Amino acid sequence: MAWGLPKLPGLTFADPTKTQFHIKSTLRYYQGHRFPDTNVRGTGGTGTDVDSNAFALPEDSVNYDPSLTYGRVKQPALPAVVPHFVHYDKRCLNFTAFFKQPVYENPDESYRVRVVNIVYFLEDDSITVIEPRVKNSGIWQGRLVKRAKIPKNDIGDYWHWKDLDNGKDICIYGKVFHTVSCDLFTRVRYLVMIISNVQVI
């Protein structure tokens, strides 16, 4: 293989008849598409020596990944996923119920009927029981059961909104509450559930 003369002052020779000094494009066009041009040419379209061509040939186009040069194609954004606790935030099922409180050593009454509100929170399936305060009633009123997931039985099940309805007995920590009515939001939710036979969102 002929290596030629080293590029040192006095050993390089310029062609005085050369008038074109443009650099050829490395791409060629075929049917409107660009392809790498493997026909390497020097300045002005002149031929190059064998040693220069060995380093000027492009890499294999089959193994070449364009994303390494131009970046990956941007994919459309995925739809936003709303968490369960965000979707059901501040959405509650409100039932009106009552329970009988036994009264001992009183000849006038044997029990008292106390009206309460059973609030079911859809975001975390927790329940709280609140008795509306009546002024000068002489009875300890207010929040009777703190907000928490209430166990339904001894095998680890908890009360779910599917288990609640009007006219049902709900046992909470040994005390039985009988539901008699509900608010408009709760009524519409259960009505849609019955019509569509699917879980209401």
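Arg147 is partly exposed in this predicted model. Its relative accessibility is 37%. Arg147 takes part in a salt bridge with Glu123, with the closest N and O atoms 3.1 Å apart. Glu123 sits in the loop between β4 (111-121) and β5 (126-131), and Arg147 in strand β6 (residues 142-148), so this salt bridge ties together parts that are 24 residues apart in sequence. Glu123 also counts as partly exposed, at 22% relative accessibility. That value lies just outside the buried class because buried means under 20% relative accessible area.

A second salt bridge joins the side chains of Arg147 and Asp124, at 3.2 Å from N to O. Here too, distant parts of the chain are linked: Asp124 belongs to the loop between β4 and β5, Arg147 to strand β6, and 23 residues separate them. Asp124 has a relative accessibility of 35% and counts as partly exposed.

Another salt bridge pairs Lys152 with Asp163. The closest N and O atoms of this pair are 3.3 Å apart. Both residues lie in the loop between β6 and β7 (169-172), so the contact ties together parts that are eleven residues apart in sequence. Lys152 is partly exposed, with a relative accessible area of 37%. Asp163 is partly exposed as well, at 23%. Through shared partners, salt bridges join Glu123, Asp124 and Arg147 into one network. Across the whole structure, the search finds five salt bridges.

The strands that carry or flank these residues belong to an open sheet. Six strands form this sheet, in the order β6-β5-β4-β3-β8-β7. The pairing is antiparallel. β6 and β7 stand at the edges with a single partner strand each, so one side of each has no neighbour in the sheet. From one strand to the next, the twist averages 30°. Within the sheet, β4 and β5 pair in the antiparallel sense over five bridges. One residue pair can be named: Ile118 has Val129, in β5, as its bridge partner.

Strand β4 also holds Arg114. In contrast to the partly exposed Arg147, Arg114 is buried. Its relative accessible area is 9%, and Arg114 is classed as buried because the cut-off is under 20%. Two polar partners of the Arg114 side chain can be listed. One is the side chain of Glu131, reached in a polar contact at 2.5 Å. The other is the backbone oxygen of Trp140, which the Arg114 side chain reaches at 2.9 Å. Glu131 and Trp140 both recur in the wider surroundings of Arg114. With neighbours within four places in sequence left aside, Arg114 is in contact with Ala97, Phe98, Phe99, Gln101, Glu131, Ile139, Trp140, Gln141 and Leu144.

An exposed position is found towards the N-terminal part of the element order. Thr38 lies in the loop between β2 (33-36) and α1 (50-56). Its relative accessible area is 53%. Thr38 therefore counts as exposed, the cut-off being over 50%. Thr38 and Leu27 are eleven residues apart in sequence. In space, their C-alpha atoms are 8.6 Å apart.

At the level of the whole chain, there are four helices and eight strands. From the N terminus on, the elements run β-β-α-α-α-β-β-β-β-β-β-α. The chain has 201 residues, and buried residues make up 19% of them. Arg114 is one of the buried residues. Of the contacts with a separation of 6 or more, 41% are between residues 24 or more positions apart. The accessible surface of the chain comes to about 16100 Å². Carbon and sulfur atoms account for 57% of that surface.

Terms used
Residues numbered from 1 in each chain as written. Predicted model: local features only at pLDDT ≥ 70, side-chain atom pairs only at ≥ 80, totals over all residues. Heavy atoms only, no water. Helix = DSSP H or I, 4+ residues; strand = E, 2+ residues; numbered from the N terminus. Buried < 20%, exposed > 50% of the residue type's maximum accessible area, 1.4 Å probe, protein only. Contact = heavy atoms within 4.5 Å. Areas by Shrake-Rupley, 256 points an atom, 1.4 Å probe, with all protein chains shown as cover. Salt bridge = Lys/Arg side-chain N within 4 Å of Asp/Glu carboxyl O. Pairing = 2+ DSSP bridges. Axes fitted to C-alpha atoms, helices over the stretch in contact; angles between N-to-C directions. Polar contact = N/O pair within 3.5 Å; in protein donor to acceptor, adjacent residues only side chain to side chain.
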